[in-house]
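Trainee: I have a model open and want to read its side chains properly. Can we go through it piece by piece?

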Amino acid sequence: LPPLTGACEASGRVMNAVTGHPLRNAWMFFGPKFSMYRHPAVQTRTDSGGRFDLQSIPCDWGLPLGVRTNGFVEQEEEPKLGPTYRVQPEPQFRTQPNITGMLIKMVPTGVIAGKITDGHGNPVECAHVTVANAYPSIDPRRWLTPYRETVTDDLGRYRLFDFPAGQYY
C-alpha cells in the first residue's frame with residue numbers, strides 16, 4: 001500500500017470487559033508511554049460515556065494506541081484502517097484515514113490482601129510478603145519467580161494490587 005501522510009483520527013469507546021459499563025477518565029495515548037525521554041504523540045481522556053476522540057495522530061501507525069486506567073489491565077490496540085479515507089489527486093498517497101467505532105474492552109485487575117499474625121493472634125509488623133508466578137520448566141518442577149513484594153503495616157496488614165488474571169503463590 002502507498003504510505004500514509006498527514007494527520008489521522010481515531011474514535012470509539014472504552015468499556016469494562018466484565019460488566020459492559022463505560023470507563024470514564026481512562027487515559028488514551030498514541031505513541032510511547034511517558035518516560036524520561038519521550039512522551040506520547042497524542043493523548044486524551046475518555047468522557048463520562050467512555051468515549052474518546054484522538055485527532056492529529058501521525059499517520060504512520062508505527063505505534064499502538066494505549067489505554068490505561070486504575071483497576072484495569074493496561075492495553076495496547078493496533079488501529080486497523082478501514083475503507084474510510086480520502087485520496088489526494090496523486091494516487092501514490094493516501095491521507096487522513098479515520099478509524100471510528102473502536103471498542104476497547106478492559107479487564108479488571110485483582111487485589112491480594114490479608115493480615116499476618118503470630119501464634120498468639122498478635123499482628124506481625126514489617127513481615128515481608130512476596131507474591132510469585134509459577135513457570136513450567138523442562139523438568140517436572142515448577143519455578144517460582146517473584147512478581148510483587150511488600151511489608152505488613154503496624155496492624156499486620158498487607159495489600160498488593162493491579163494483578164492481571166492468573167495464578168499466584
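Trainee: Is Asp-153 buried, partly exposed or exposed?

Mentor: This is a predicted model, where local features need pLDDT of at least 70, side-chain atom pairs count only at pLDDT 80 or more, and totals for chains, interfaces and linings use all residues. Residues are numbered from 1 along each chain as its sequence is written, and side-chain values use heavy atoms, with hydrogens and water left out. Buried means under 20% relative accessible area, exposed over 50%, and partly exposed in between (1.4 Å probe, protein chains only). Asp-153 has 25% relative accessibility, so the class is partly exposed.

Trainee: Which residue forms a salt bridge with Asp-153?

Mentor: A salt bridge needs a side-chain nitrogen of Lys or Arg within 4 Å of a carboxyl oxygen of Asp or Glu. Here the closest N and O atoms are 3.0 Å apart. The partner is partly exposed at 45% relative accessibility. It is Arg-157.

Trainee: How many salt bridges does the rule give?

Mentor: Side chains of opposite charge can pair when their charged atoms come close. Arg-51 pairs with Asp-47, with the closest N and O atoms 3.3 Å apart. Arg-68 pairs with Glu-74 at 2.9 Å. With Arg-157 and Asp-153, the count comes to three.

Trainee: Why does Arg-68 count as partly exposed?

Mentor: The class follows from the relative accessible area. Its salt-bridge partner Glu-74 is partly exposed too, at 29%. Arg-68 is partly exposed because its value is 35%.

Trainee: Which strand gives the most residues to the largest nonpolar core?

Mentor: A nonpolar core is a set of buried Ala, Val, Leu, Ile, Met, Phe, Trp, Tyr and Cys residues joined through side-chain atoms within 4.5 Å. This one has 17 residues, and Val-14, Met-28, Phe-52, Leu-65 and Ile-104 touch the most other members. Strands are DSSP runs of at least two residues (E), numbered from the N terminus; those giving two or more core residues are E2 (7-16), E3 (27-30), E5 (51-58), E6 (65-68) and E10 (98-106). The top contributor, with four residues, is E10.

Trainee: Which residues of the second, separate core can you name?

Mentor: In soluble globular proteins, nonpolar side chains tend to be buried together. The second core has five residues. Among them are Val-129, Val-131, Tyr-158 and Leu-160.

Trainee: Is Thr-109 buried or exposed?

Mentor: Thr-109 sits in the loop between E10 and strand E11 (110-115). Contact means heavy atoms within 4.5 Å. Beyond its neighbours within four places in sequence, Thr-109 is in contact with Gly-71, Phe-72, Val-73, Asp-162 and Phe-163. At 18% relative accessibility, Thr-109 is therefore buried.

Trainee: How far apart are the C-alpha atoms of Thr-109 and Asn-70?

Mentor: Along the chain, these two are 39 residues apart. Their C-alpha atoms are separated by 8.8 Å.

Trainee: Which strand gives the most to the lining of the largest pocket?

Mentor: A pocket is an open set of points on a 1 Å grid over the protein atoms alone, where a 1.4 Å probe fits, with protein on both sides within 12 Å along at least five of seven lines; lining residues have an atom within 4 Å of a point. There are 15 lining residues, and Thr-69, Asn-70, Gly-71, Phe-72 and Asp-162 lie nearest the centre. E11 and E14 (157-163) each supply at least two. The most, three residues, come from E14.
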